[in-house]
Protein chains: 2
Amino acid sequence: MGRLSAFPSALLAVAWATTAHAAATSPATGADPLPSWNDTAPKHAIVGFVDTVTRPGTPGFVPPAERIAVFDSDGTLWAEWPVYFQLQFALDRVKALAPQHPEWQTKEPYRYVLSGDMKSFAASGPKSVISVIEVAHSGMTTDEFEKTVRDWLHTARHPQTHQPYAAMIYKPMVELLAYLRANGFKTFIVSGGSAEFMRVFAESLYGIPPEQVVGSQGKLEYQVRDGKPVLVKLPEVQFVDDKEGKPIGIQTFIGRRPLAAFGNSDADLEMFEWTTSGPGSRFVMIVHHDDDEREWAYDRRSRIGTLDKAWDDAKAKSWTVVSMKDDWATVFPWTLQAPARDAR
Amino acid sequence: MGRLSAFPSALLAVAWATTAHAAATSPATGADPLPSWNDTAPKHAIVGFVDTVTRPGTPGFVPPAERIAVFDSDGTLWAEWPVYFQLQFALDRVKALAPQHPEWQTKEPYRYVLSGDMKSFAASGPKSVISVIEVAHSGMTTDEFEKTVRDWLHTARHPQTHQPYAAMIYKPMVELLAYLRANGFKTFIVSGGSAEFMRVFAESLYGIPPEQVVGSQGKLEYQVRDGKPVLVKLPEVQFVDDKEGKPIGIQTFIGRRPLAAFGNSDADLEMFEWTTSGPGSRFVMIVHHDDDEREWAYDRRSRIGTLDKAWDDAKAKSWTVVSMKDDWATVFPWTLQAPARDAR
């Protein structure tokens, strides 16, 4: 699965990603603001919804201040296969930090990671994932963490596409973000992933500033070191922004019910329910991973996530389901050069 | 103390407050964007700072996305005397809910509140304050809470000025918020008070949308009632946004170090330190309550708050201190009609 090739000048793709969102084509110019979308039902649905809520003097009109759109991150704005990129970052950190931790060579789960035995790592359960995430996400200041993530983004490559992770974003979704903003929407990420992790790249990749990134949070401690204040990331969870945590995160961080929500799994279901429970027109869109050529086909049920109840609800409630295969003209911002099936 | 009178058409003041912030005078027009400020050092300092960071091509220039300005609420954007208005809201809620709680007539601290014995209430310590805040801020959905606060704002009056609380905002600060926004700043409230409380009025009074209000937070629970999702406010603290909590709140909710911070007490000190520890030009302003005629003169030390270490630091670090008496031409958006000394 996954007909994806290495694009030789991968950094070009990053350059694209960092500027494309700024060039939002206004619908007023007549140019298509969503060129990576096929002319199918999902595109019609989103354009129709935007028309409904932005036409002054009509019953569906919503003032710009209330045009809140929330987006899941993994599998919705960028890929999540074969492992969440944040977990890959954490695994890479364990390898980078290993010289300072000789004890890890014989200690689970670190030795699995260091010896590349990912089968045993996976089998060792969620506690192992948490240990590895903790190593990568705590015990340093927020400034140090930001630098670590930035360095990783500049050097790490996706194991199957050999692209930098910043190039693994979905071009149609970047266009959609820009289209919504051009229509007065304020766009937010609401993800189960770490807010501090996503904030390092959300502005350059998606045009979403840090203050519009809602995610899971670790506890922070204020310290003064050599007369200078720092915030230290502690190995304790402050807030989990997943499942029922998503509406809670929306209320806590945004304080306003969204008008539109975009996701790809059952972990987004409560966010969808919360969004559509408000009065007037609401919009829900589910990205369906069914493109085995250009991306990966893996739901409704997979080890990465489940699209089960949300799928049934989408049918029952007329939510919009996007088939990556049928509805997207382009998936990633880079082109498939020489099709080659990589190891999965 | 406090030469403040009732303004007969108090609702006019509210009407003013709800529209004034929208009419930000652009500095480009030549009109004074800060007419309620005297032509003294603090006004020069803020205008000079804004010039420094907004002039393209100069070393001090800061891109708009990084122009984050954070404001304490109580005593900085609106008054806080004789008690924090949020506590007054809670005390009023206890009275409103008393008929449903006959047991409160004989139970501390409620019976103090119900009998108007505020001396005993104050003497019974912070635990009593927490009990009363809890009654007012939990055990209902977020939608119900919002309605309660809104109703209170429409009916309650300040005990000494007899103004609605929405009229107890500082006109110079509302002008300052608009002036900063006209210069590309994004303005945030960062307060020890409840975020959910402030969000009900921050947009209409200050032009600050809910998603830019950082404050203390209670825990929320997602529930589905009759097929409809609700968020229920629990009597548990999720986050305290005060003192060292302020830089933590800024990092957690905004994710970017502010360029400018405005406060009035030692509870803002860590926010000031965090703000000024960033590179380049930073700005800190302290509002000093020294006007016994038009407001209340009560610091450096009072039962409401302390301006002690922050005061010393302001001297040592050349932070800007605003004398309400000397530096503000106007304090509130309404006019003193017939001076009359109210009971304190």
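## Around the rotation axis

Let's start in the middle: B:F253 is the residue of chain B that comes closest to the rotation axis, with its C-alpha at 3.3 Å. Bear in mind that this is a predicted model.

What does that axis do? A rotation of 180° about it, with 0.0 Å of shift along the axis, superposes chain B on chain A, and the RMSD is 0.0 Å. This is therefore the relation of a two-fold axis. The two copies also use the same surface, since 100% of the contact residues of chain B recur in chain A.

## Where the two chains meet

Now for the contact itself. Chain B brings 37 residues to it, and chain A brings 37 residues as well. Between chain B and chain A, an area of about 3,100 Å² is buried, and carbon and sulfur atoms give 53% of this area.

Three residues are worth finding on the chain B side: B:E211, B:Y222 and B:T252. Together they supply 20% of the area that chain B buries against chain A, more than any other three residues.

## Two crossing helices in chain B

Next, look within chain B at helix 3 (residues 85–97) and helix 6 (residues 126–137), whose axes come within 8 Å and cross at roughly 70°. Helix 3 of chain B is therefore roughly perpendicular to helix 6 of chain B. The crossing of these two helices is left-handed.

Which residues meet here? From helix 3 of chain B come B:Q86, B:L87, B:F89, B:A90, B:L91, B:R93, B:V94 and B:L97, and they meet B:V129, B:V132, B:I133, B:V135, B:A136 and B:H137 of helix 6. Sorted by class, this contact has eleven nonpolar, two polar and one charged residues.

Methods:
Residues are numbered from 1 along each chain as its sequence is written. Chains are lettered from A and ligands numbered from 1 in the order in which they are written. This is a predicted model: local features need pLDDT of at least 70, side-chain atom pairs count only at pLDDT 80 or more; totals for chains, interfaces and linings use all residues. Side-chain values use heavy atoms; hydrogens and water are left out. Axes are lines fitted to C-alpha atoms, for helices over the stretch in contact, and angles run from 0 to 180 degrees between N-to-C directions. Helices (H or I, at least four residues) and strands (E, at least two) are DSSP runs, numbered from the N terminus. Angles under 35 degrees count as roughly parallel, over 145 as roughly antiparallel, 65 to 115 as roughly perpendicular and the rest as oblique. A crossing is left-handed if the near helix is turned anticlockwise from the far one by less than a right angle, and right-handed if clockwise. Contact means heavy atoms within 4.5 Å. Ala, Val, Leu, Ile, Met, Phe, Trp, Tyr, Cys and Pro count as nonpolar, Asp, Glu, Lys and Arg as charged, and the others, Gly among them, as polar. Copies are superposed by least squares on the C-alpha atoms of residues with pLDDT of at least 70 in both. Buried area is the accessible area (1.4 Å probe) that two parts lose on being put together, summed over both.
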